[in-house]
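Open the structure in your viewer and keep the sequence panel beside it. The stops below are given in the order in which to select them.

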Amino acid sequence: MSLLVVGSIALDSVATPFGGTADAPGGSAVFFAAAGAILHPVQVVGVVGSDYPLGALKALEARGVDLSGVEQAAGESFRWKAKYSYDLQSRETLETRLGVFADFRPKLPPRFKDARYVFLGNIDPELQLGVLDQVTQPALVACDTMNYWIHSKKDLLLELLRHIDILMVNDSEARELSGDWNIYRAARWVLGHGPKMTVVKQGEHGALLVSADSTFKVPAYPLQEVFDPTGAGDAFAGGFMAYVASTQDLSPANLRRAMVYGAAMGSFAVEKFGIQGFDGVTPADVRARVRAFKDLVHFELDEDRRR
Ligand code: AMP
């Protein structure tokens with residue numbers, strides 16, 4: 001059951017209080033694939049420029065990432081520069097250079113078209129729609145976006161919402177998109193515009209899964225060292241979607257479990273700079289962290305104790 005992602009393939013330069021990266025491989029599709037492939041093979045659609053260090057992508061290929069939908073075009077790769085605050089709670093985007101993404105028109109290799117699980121990673125909504133048009137029979141489509149696109153392409157984003165099952169955004173994006181500061185109302189605003197579910201990623205406060213009849217919360221894994229929050233949201237999506245693809249189960253109980261796999265992957269992402277947090281991580285490591293989540297939130301009601 002194939003899992004497809006379209007998204008940015010970037011060179012990231014980030015500064016945190018603990019250090020930084022310069023032109024490190026990143027982007028929504030790369031974080032998604034690096035995390036997701038630990039649990040399930042991932043097909044990637046995207047573009048890199050002539051300056052991209054392809055060795056970094058080849059390393060992903062060795063871990064089960066299919067790069068045959070990645071085009072190399074003449075020109076500069078997508079570049080993103082950001083700086084984090086002292087407590088890593090907020091970040092400022094210093095620069096976004098689209099480079100080859102400005103003229104990219106995704107064309108899916110024929111064997112990607114029957115993907116059952118599709119993640120439209122953060123990228124121009126026009127490209128997200130372009131990919132969705134080529135997928136014949138998806139069982140589940142989830143989508144992310146960013147303030148950058150909410151400001152510049154809101155109409156297309158609203159069009160996209162009508163065609164997806166889950167919108168996965170962070171809290172500030174949910175607020176910005178809906179125009180409502182209350183996160184639960186913002187999630188419901190999204191449900192009113194097409195998707196059956198909203199996932200709101202809340203950084204160190206975990207994530208919410210909201211549907212018409214239920215709300216589920218997963219905390220963030222209690223890490224004592226965090227180095228670089230970049231890509232945690234995409235890694236979350238990679239864990240969530242890869243777990244669903246590997247289990248082929250869209251029941252509410254399984255989607256709750258998928259939230260925990262997402263949170264586990266997010267925690268690996270932030271422990272190191274760039275995608276290095278996934279180096280050497282095995283499915284057993286992920287399962288161990290998922291089990292730790294169960295302990296973290298388990299409690300008994302008074303009446304359970306009396307029984
Ligand atoms: P996250 O920390 O999960 O929000 O994702 C950060 C990643 O998103 C970085 O690796 C960036 O390269 C990528 N990114 C930042 N801005 C954009 C944008 N406007 N479009 C697509 N990808 C972006």
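Begin with Val6 and Val45: Val45, in strand 5, is the bridge partner of Val6. The model on screen is a predicted one.

**Strand 1 and its two neighbours**

Select strand 1, residues 3–6, and show the side chains. Leu3 and Val5 point one way, Leu4 and Val6 point the other way, and all are buried. In a regular strand the side chains alternate between the two faces of the sheet.

Now add strand 5, residues 42–48. Strand 1 and strand 5 run parallel and are joined by 4 bridges. Then add strand 9, with which strand 1 also pairs in the parallel sense, over 4 bridges. To find the register there, pick Leu4, which stands opposite Val118 in strand 9.

**From strand 9 to strand 10 and strand 11**

Keep strand 9 (residues 117–120) on screen and select strand 10; the two run parallel, with 4 bridges joining them. To get from one to the other, the chain passes from strand 9 through helix 3 (residues 125–134) to strand 10, and this β-α-β crossover is right-handed. Leu120 is a useful marker, as this residue stands opposite Cys143 in strand 10.

Are the residues on the two faces of strand 10 buried or exposed? Show the side chains of residues 140–143: Leu140 and Ala142 lie on one side, Val141 and Cys143 on the other, and all are buried.

Next, select strand 11, residues 166–170. Strand 11 pairs with strand 10 in the parallel sense over 2 bridges. Ile166 in strand 11 is the bridge partner of Ala142.

**Asp124 and Lys153**

Go back to the end of strand 9 and select Asp124, found in the loop between strand 9 and helix 3. Then select Lys153, whose place is in the loop between helix 4 and helix 5 (154–161). These two residues are 29 residues apart along the chain, yet their C-alpha atoms are separated by 7.8 Å. What joins their side chains? A polar contact of 2.8 Å joins the side chain of Asp124 to that of Lys153.

Colouring by accessibility separates the pair. Asp124 has 14% relative accessibility and so counts as buried, the cut-off being under 20%. Lys153, with a relative accessible area of 22%, is partly exposed.

**The ligand**

Centre the view on the ligand and show the residues around it. Which of the 19 residues around the ligand come nearest? They are Ser8, Asp12, Gly27, Arg91 and Gly231.

Label the polar side-chain atoms next. One on Asp12 lies 2.5 Å from an oxygen atom of the ligand. Arg91 has a polar side-chain atom 2.9 Å from an oxygen atom of the ligand. For Asp234, a polar side-chain atom also lies 2.9 Å from an oxygen atom of the ligand. On its own the ligand has 510 Å² of accessible area, and the protein covers 95% of this.

Now colour the shell by element. Strand 2 (10–16), strand 7 (78–84), helix 4 (147–152) and helix 8 (232–247) are the elements that give two or more residues to the shell. Helix 8 gives the most, with 3 residues. Coloured by residue class, the shell divides into 9 nonpolar, 7 polar and 3 charged residues.

**Two residues with positive phi**

Most residues other than glycine have a negative phi. The next two selections have a positive one.

Select Asp23, in the loop between strand 3 (19–20) and strand 4 (24–26). Asp23 is not a glycine, but its phi is positive, at about 50°. With a relative accessible area of 35%, Asp23 is partly exposed.

Then select Leu88, in the loop between strand 7 and strand 8 (91–97). Leu88 is not a glycine either, and its phi is positive, at about 65°. Leu88 has a relative accessible area of 16% and is therefore buried.

**Last stop: helix 9**

Select helix 9, residues 252–270, and find Asn254 in it. Asn254 is buried, with a relative accessible area of 1%. Add the side chain of Arg257 to the view: a polar contact of 3.1 Å joins the side chains of Asn254 and Arg257.

Technical notes. Residues are numbered from 1 along each chain as its sequence is written. This is a predicted model: local features need pLDDT of at least 70, side-chain atom pairs count only at pLDDT 80 or more; totals for chains, interfaces and linings use all residues. Side-chain values use heavy atoms; hydrogens and water are left out. Buried means under 20% relative accessible area, exposed over 50%, partly exposed in between (1.4 Å probe, protein chains only). Two strands pair if DSSP finds at least two bridges between them. A crossover is right-handed if, with the strands pointing away from the viewer, the path from the first strand over the helix to the second runs clockwise. A residue is near a molecule or strand if one of its heavy atoms lies within 4 Å of it. A polar contact is a pair of N or O atoms within 3.5 Å; within protein, one must be able to donate a hydrogen and the other to accept it, and residues adjacent in sequence count only if both atoms are side-chain atoms. Accessible areas come from the Shrake-Rupley method with a 1.4 Å probe; for residues, only the protein chains shown count as cover. Ala, Val, Leu, Ile, Met, Phe, Trp, Tyr, Cys and Pro count as nonpolar, Asp, Glu, Lys and Arg as charged, and the others, Gly among them, as polar.
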